Amino acid sequence: MNDQKRDSTRPSTIESSIVSKIEQKAARVGVIGLGYVGLPLALSFVQKGFETTGFDTDPAKVEKLGNGKTYIRHIPEAQIARAIEGKRFHATDDFSRLREMDAIIMCVPTPLDTHREPDLSFIHNTAKTVSAHLVPGQLVVLESTTYPGTTEEVLLPLLEESGLRCPVRPYSTDGNSIAISEDAEGDFLLAFSPEREDPGNKEFERAQIPKIIGGVNAASARAARAVYGSVFARTVIVSSSRTAEMTKLLENIYRCVNIALVNELKLLSLRMGIDIFEVIEAAKTKPFGFTAFYPGPGLGGHCIPIDPFYLTWKAREYGFTTRFIELAGEVNSAMPAHVVEALSEALNRRKQCLHGARILLLGVAYKKDIDDLRESPSLEIMELLLKQGARVEYHDPYFPRLHRMRRYDFQLASVELTPEALSEPEAVIIATDHSIYDYSYIVRHARLVIDTRNATRNVKENRDKIVQC
Ligand SMILES: NC(=O)c1ccc[n+]([C@@H]2O[C@H](COP(=O)([O-])OP(=O)(O)OC[C@H]3O[C@@H](n4cnc5c(N)ncnc54)[C@H](O)[C@@H]3O)[C@@H](O)[C@H]2O)c1
């Protein structure tokens, strides 16, 4: 028996129309925000035979995609070119075309502002645009990570400025089928479904990661289930958009807190002369109750350093302090300074000082093998080094140049990893453990290696040059 048949209520007209269009591959899908989340999602719908339109406010991205070009390294140009040539994918900045869509999925950024509070301006602006073009019968889904309540309290009122209605109605679910006493008949449907991708992780194919869906009412949840069910192997329905929003935050807070825990234990282990990485490998052999997390030079990426603070902000409305999140934030954000301190101490032991020293940093991406440097701890380490008077150079195969960023402006180019480039600086910091690095070669030529990732664990010779930190 399929899920639709198990559901205990009569489908709303909008819902049944969307479900049948999905079944016939006639649904038109619009994805707003063609970044790391939106572009691959749009291409997944294309791959399954849906006519898909990508909307973005950045004309340069729209133009590149229109010409079949990529701007995200792990998304092959051939896939984009095929989608464009097959006329199944269109990229546009003409938002009036939102009217033609059956499902509209929002994948816009949710950063923190300068006071480290949620910056919902992207959701706000997108919602206003969608509202201006909303037509009866559409399903709108938010994918951006955000605090519980955003879909119902922020997005819904903005969409209803269109004059169209979407009633909020509780429903219950066992994760698959949906049981309610009363269904809602509105003008449009609205749901939240978080993105759960782990960039650079080749072990899990995107379509195999179960897709969480929470609707503001049962019809919205069921329509969103039909849409995502055409692309993802498994959908998991939760009882509201708030529950779906909280689920995503739990996942990211779990990572943030556990990384802080191992970072703290690393600092203690260093003092005690214990190798924390050996400890983690040993603990990992326990077949239950332990998940391995690894220490590093600090948190990076668009999610883990940011998302938990969305909940911290929302919790204040309830007079509640999220102590684990605050503490994890404190521990994790102190890690770049710890790296610089470890370097400074290592130079001291060699009767050298950081001021005036030439330091080569390897890896500016926030984690290995990806071309994303958002919130990367490497950038903060570079800034701390410069403040202490060091002369900083870097190498990263994914970033030939460091252009001006919101917080940083280094204006540096990646050096070539020649024996001289490694041996001339007083020290080399391994900040990101990219797989392409030959760590034996690095240690052989460098004078001093500060290893923040245990990347040199298999290097047999010259171990006296390595400082684990
Ligand atoms: N990157 C990840 O791995 C990841 C994983 C899970 C969740 N998320 C969440 O997904 C959301 C999107 O993240 P991302 O990494 O794709 O961001 P991104 O910066 O890579 O992409 C966002 C895109 O939205 C566009 N945009 C901004 N404002 C717009 C507007 N008003 N209308 C249309 N387009 C607009 C930007 O030009 C950009 O192309 C965020 O909430 C993030 O927290 C990201």
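How many bridges join strand 11 (residues 358-362) to strand 15 (residues 427-430), and do these strands run parallel or antiparallel? The points below take up this matter and others in turn.

1. The structure is a predicted model. Four bridges link strand 11 to strand 15, and the two strands run parallel. Within this pairing, Leu360 stands opposite Val428 of strand 15.

2. Strands 11 and 15 belong to an open sheet of five strands, ordered 12-11-15-16-17, with parallel pairing. Strand 12 (391-395) and strand 17 stand at its edges; each has a single partner strand, so one side of each is left without a neighbour in the sheet. From one strand to the next, the twist averages 20 degrees.

3. Another open sheet holds eight strands in the order 3-2-1-4-5-8-9-10, and its pairing is mixed. Its edge strands, strand 3 (89-92) and strand 10 (235-238), each pair on one side only. The twist in this sheet averages 25 degrees from one strand to the next.

4. An antiparallel pair within the eight-strand order is formed by strand 8 (residues 189-192) and strand 9 (residues 211-215), which two bridges join. The bridge partner of Ala191 is Gly215 in strand 9. In general, strands of a sheet pair through backbone hydrogen bonds, either parallel or antiparallel.

5. Helix 8 (residues 218-229) has twelve residues, which at 1.5 Å a residue should span 16 Å; the end C-alpha atoms are 16 Å apart, in agreement with that expectation. Eleven of the twelve residues are buried, so the helix is largely enclosed by the rest of the structure. Among the buried residues are Arg222 and Arg225, as well as Ser220, Val227 and Tyr228. The alanines Ala218, Ala219, Ala221, Ala223, Ala224 and Ala226 are buried too.

6. Helix 6 has 13 residues, for which 1.5 Å a residue gives an expected span of 18 Å; its end C-alpha atoms lie 19 Å apart, which agrees. Ile123, Thr126, Ala127 and Val130 are buried in this helix. Seen down the helix axis, the buried residues fall within an arc of 105 degrees, so they line one face of helix 6.

7. Helix 6 (residues 121-133) also bears on the ligand: with three residues, it gives the most to the surrounding shell. Of the 27 residues around the ligand, those that come nearest are Gly33, Gly35, Tyr36, Val37 and Ser144. By residue type, the shell divides into eleven nonpolar, ten polar and six charged residues.

8. Two residues other than glycine deserve a check of the backbone. Lys87 has a positive phi, near 60 degrees, and is placed in the loop between helix 5 (77-85) and strand 3. Lys87 counts as exposed because it has 8 C-beta neighbours inside 10 Å, the cut-off for exposure being 12 or fewer. Asn462 likewise is not a glycine, yet its phi is positive at about 60 degrees. Asn462 lies in the loop between strand 16 (449-451) and strand 17 (466-468), and with 15 C-beta neighbours inside 10 Å it counts as partly exposed.

9. Thr418 occupies the loop between strand 14 (412-413) and helix 15 (419-423). With 10 other C-beta atoms within 10 Å, Thr418 is exposed. Thr418 and His403 are 15 residues apart along the chain, and their C-alpha atoms are separated by 23 Å.

Conventions. Residues are numbered from 1 along each chain as its sequence is written. This is a predicted model: local features need pLDDT of at least 70, side-chain atom pairs count only at pLDDT 80 or more; totals for chains, interfaces and linings use all residues. The expected span of a helix is 1.5 Å times one less than its number of residues. A residue is buried if 20 or more other C-beta atoms lie within 10 Å of its own, exposed if 12 or fewer, and partly exposed in between; C-beta atoms are placed from the backbone. A residue is near a molecule or strand if its C-beta atom, placed from the backbone, lies within 6 Å of it. Ala, Val, Leu, Ile, Met, Phe, Trp, Tyr, Cys and Pro count as nonpolar, Asp, Glu, Lys and Arg as charged, and the others, Gly among them, as polar. Two strands pair if DSSP finds at least two bridges between them. Axes are lines fitted to C-alpha atoms, for helices over the stretch in contact, and angles run from 0 to 180 degrees between N-to-C directions. The arc is that of the directions from the helix axis to the C-beta atoms.
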